[in-house]
Amino acid sequence: MRVVAAAVVDQGRLLVVSKKAAPGTFYLPGGKPEAGESPEETLVRELKEELGVAPRDPELFCEVEDVAALEGVPMRMTVFTAALAGRPEPAAELAALGWTDGRDGYEARLAPAVRHHVVPRLIEAGALRPAP
């Protein structure tokens, strides 16, 4: 399974979202590409559908492989860093959104790909910082 996601970091905290189908698990906003869609096009479409915002200055951050938390199948996730144009509000299949530094109460509830791959890379890059 292929997925495209956004690592949106603001003031040292990462934006995470939960889905109505799995409200106890938090993911990066994003989703599966449609036929013929580039990763960048998927990112734009998914952020609009899920959060009502557009990505600003997206840059390829990493590609990770893990098991998809909801589907339980192998997944390859292309992750872009981006800022957001507008204030995100959960829509479509999303149940909630939150912000984490990767070492707070959200840590145990992060999807495996986010917890095992994306958060450590963001910490290593100095992007995530514990709240004061």
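**Close-up 1. Pairing of β6 with β7 in the predicted model.** In this view, β6 and β7 run side by side in the antiparallel sense, and their pairing extends over 11 bridges. One position within this pairing can be picked out by name, since arginine 56 has alanine 83, a residue of β7, as its bridge partner. The model shown here and in the views that follow is a predicted one.

**Close-up 2. The open sheet of four strands.** The strands of this open sheet follow the order β5-β1-β7-β6, and their pairing is mixed. At the edges stand β5 and β6, the latter covering residues 54-67, and each of these two strands pairs on one side only.

**Close-up 3. Helices that accompany the strands.** The helix α1 packs on the sheet, where it touches β1, β5, β6 and β7, and its direction makes about 65° with that of β1. The helix α2, for its part, lies across β1, β6 and β7, and it runs at about 125° to β6.

**Close-up 4. The largest pocket and its lining.** The space in the largest pocket amounts to about 300 Å³, and 22 residues line this pocket, with Val3, Lys19, Tyr27, Gly31 and Met75 lying nearest its centre. By character, the lining residues divide into 14 that are nonpolar, two that are polar and six that are charged.

**Close-up 5. Elements that contribute to the pocket lining.** Among the strands, β1 (2-7), β5 (30-31) and β7 (74-85) each supply at least two residues of the lining of the largest pocket, and the helices α1 (39-51) and α2 (112-124) each supply at least two residues as well.

Definitions and conventions. Residues numbered from 1 in each chain as written. Predicted model: local features only at pLDDT ≥ 70, side-chain atom pairs only at ≥ 80, totals over all residues. Heavy atoms only, no water. 1 Å grid on protein atoms, 1.4 Å probe; cavity = no way out; pocket = protein on both sides within 12 Å on 5 of 7 lines; lining within 4 Å. Points joined across faces, edges and corners; volume = space filled by probe spheres on them. Nonpolar A, V, L, I, M, F, W, Y, C, P; charged D, E, K, R; others polar. Pairing = 2+ DSSP bridges. Contact = heavy atoms within 4.5 Å. Axes fitted to C-alpha atoms, helices over the stretch in contact; angles between N-to-C directions.
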